[in-house]
Amino acid sequence: MNVKKGLLVGATAFGLTLSGAGISSVSAADSKTNVHASSVSGIHSSLTNQEAAKTLNNIYDQAYIGQMPREVHGLTVHKSTKEDVHQKLGEPEEPATKDNPFDRYHGSMGNPSYAISYDKNDKVNEIRNFGTNVERQTNLGGITPAVLSEQIGSPDKILDVPDTNELDYVYKTDDYELHFVIGDNPIIKGHKQTVNHVNLKAAK
């Protein structure tokens with residue numbers, strides 16, 4: 001069990017602010033970490049968005065076995081093959097190209113979109129979950145930095161995403177790691193600093 005999980009829920013219950021909770025300690029521990037003031041903007045409690053919190057915890061729990069929930073459940077990073085993916089999801093709507101190494105699967109009717117890359121042996125290298133467009137606030141679009149802190153604790157590090165003005169909140173889960181890429185939400189008007197997509201890959 002990861003001791004980080006749920007450490008800050010009690011603080012929320014007693015009305016303590018979560019602004020920047022755990023962020024400064026990450027910055028101090030990792031000289032490469034670059035934490036921006038915008039990373040704690042748009043904060044709201046997961047207690048008001050239980051569906052988003054449930055989505056987050058499902059993603060976090062399954063990352064310990066190298067998998068993601070829902071449509072891609074059963075596909076494992078560095079174990080499942082491209083053939084396994086095609087048997088489960090079919091051929092990608094947008095196949096990988098020289099400039100973009102990810103096969104893209106479009107979501108529909110409330111189902112998330114995914115992108116999957118492969119290593120030289122055609123085994124899954126990374127799974128990306130882009131969430132849904134319909135009712136997005138109930139899944140990735142409802143996850144803010146505060147919700148991450150409440151539900152799974154402080155990230156192991158926070159990185160800049162080049163060229164996009166996004167931040168990458170990295171959580172290690174044994175042999176794997178989750179990357180919650182956070183920025184202004186292009187779909188939900190007025191919602192800033194929420195998860196735009198989450199990536200699962202082997203830990204470095």
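Me: Hi! Can we start with Asp-174: does this residue count as buried or exposed?

Reply: Asp-174 counts as exposed, with a relative accessibility of 57%. Buried means under 20% relative accessible area, exposed over 50%, and partly exposed in between, using a 1.4 Å probe and protein chains only.

Me: What kind of model is this, and how are residues numbered?

Reply: This is a predicted model in which local features need pLDDT of at least 70 and side-chain atom pairs count only at pLDDT 80 or more, while totals for chains, interfaces and linings use all residues. Residues are numbered from 1 along each chain as its sequence is written, and side-chain values use heavy atoms, leaving out hydrogens and water.

Me: Good to know. Where does Asp-174 sit?

Reply: You'll find Asp-174 in the loop between strand 5 and strand 6 (176-183). Helices (H or I, at least four residues) and strands (E, at least two) are DSSP runs, numbered from the N terminus.

Me: And what is the phi of Asp-174?

Reply: Phi is near 60° there, a positive value in a residue other than glycine. Asp-174 is in the turn of a hairpin made by strand 5 and strand 6, with two residues between the strands.

Me: How many bridges join strand 5 to strand 6?

Reply: Seven bridges join them, and the two strands run antiparallel. Two strands pair if DSSP finds at least two bridges between them. Within this pairing, Tyr-169 stands opposite Phe-180 of strand 6.

Me: What about the other neighbour of strand 6, strand 7?

Reply: Strand 7 covers residues 194-202 and pairs with strand 6 over eight bridges, again in the antiparallel sense. Here Val-181 has His-197 of strand 7 opposite.

Me: How many residues of strand 6 are buried?

Reply: Eight of its eight residues are buried, which leaves strand 6 mostly covered.

Me: Which of them point which way?

Reply: Tyr-176, Leu-178, Phe-180 and Ile-182 point one way from strand 6. Glu-177, His-179, Val-181 and Gly-183 point the other way, and both groups are buried.

Me: Back to strand 5. How does strand 5 pair with strand 4?

Reply: Strand 4 (residues 157-161) and strand 5 (residues 166-173) are antiparallel and share five bridges. One bridge partner to look for is Val-170 in strand 5, which goes with Lys-157. These two strands form a hairpin as well, with four residues between them.

Me: Which residue in that turn has a positive phi?

Reply: That's Asp-163, with a positive phi of about 75°. Over at Asp-122, phi is positive too, at about 65°, although Asp-122 is not a glycine.

Me: Where is Asp-122, and how does it count for exposure?

Reply: Asp-122 lies in the loop between strand 2 (113-118) and strand 3. Its relative accessibility is 38%, so Asp-122 counts as partly exposed.

Me: Changing topic: how many aromatic pairs are there?

Reply: A search of the whole structure finds three. One of them joins Tyr-60 and Tyr-64, which are edge-to-face at 5.6 Å centre to centre with 90° between the planes. Rings of Phe, Tyr and Trp (its six-membered ring) pair if their centres lie within 6.5 Å; planes under 30 degrees apart count as stacked, over 60 as edge-to-face and the rest as tilted.

Me: Why do Tyr-60 and Tyr-64 get their exposure labels?

Reply: Tyr-60 counts as buried because its relative accessibility is 1%. Tyr-64 counts as partly exposed because its value is 22%.

Me: What is the pair of Tyr-60 and Tyr-171 like?

Reply: The rings of Tyr-60 and Tyr-171 are edge-to-face, 6.5 Å centre to centre and with 85° between the planes. Tyr-60 is in helix 3 and Tyr-171 in strand 5, so the pair ties together parts 111 residues apart in sequence. Both of these tyrosines are buried.

Me: Which residues make up the aromatic cluster?

Reply: Tyr-60, Tyr-64, Tyr-171 and Phe-180 form one cluster. You met Phe-180 earlier, opposite Tyr-169.

Me: Last one: what does the whole protein look like along the sequence?

Reply: The pattern reads α-α-α-α-β-β-β-α-β-β-β-β, with five helices and seven strands. The protein has 204 residues, and 46% of them count as buried.
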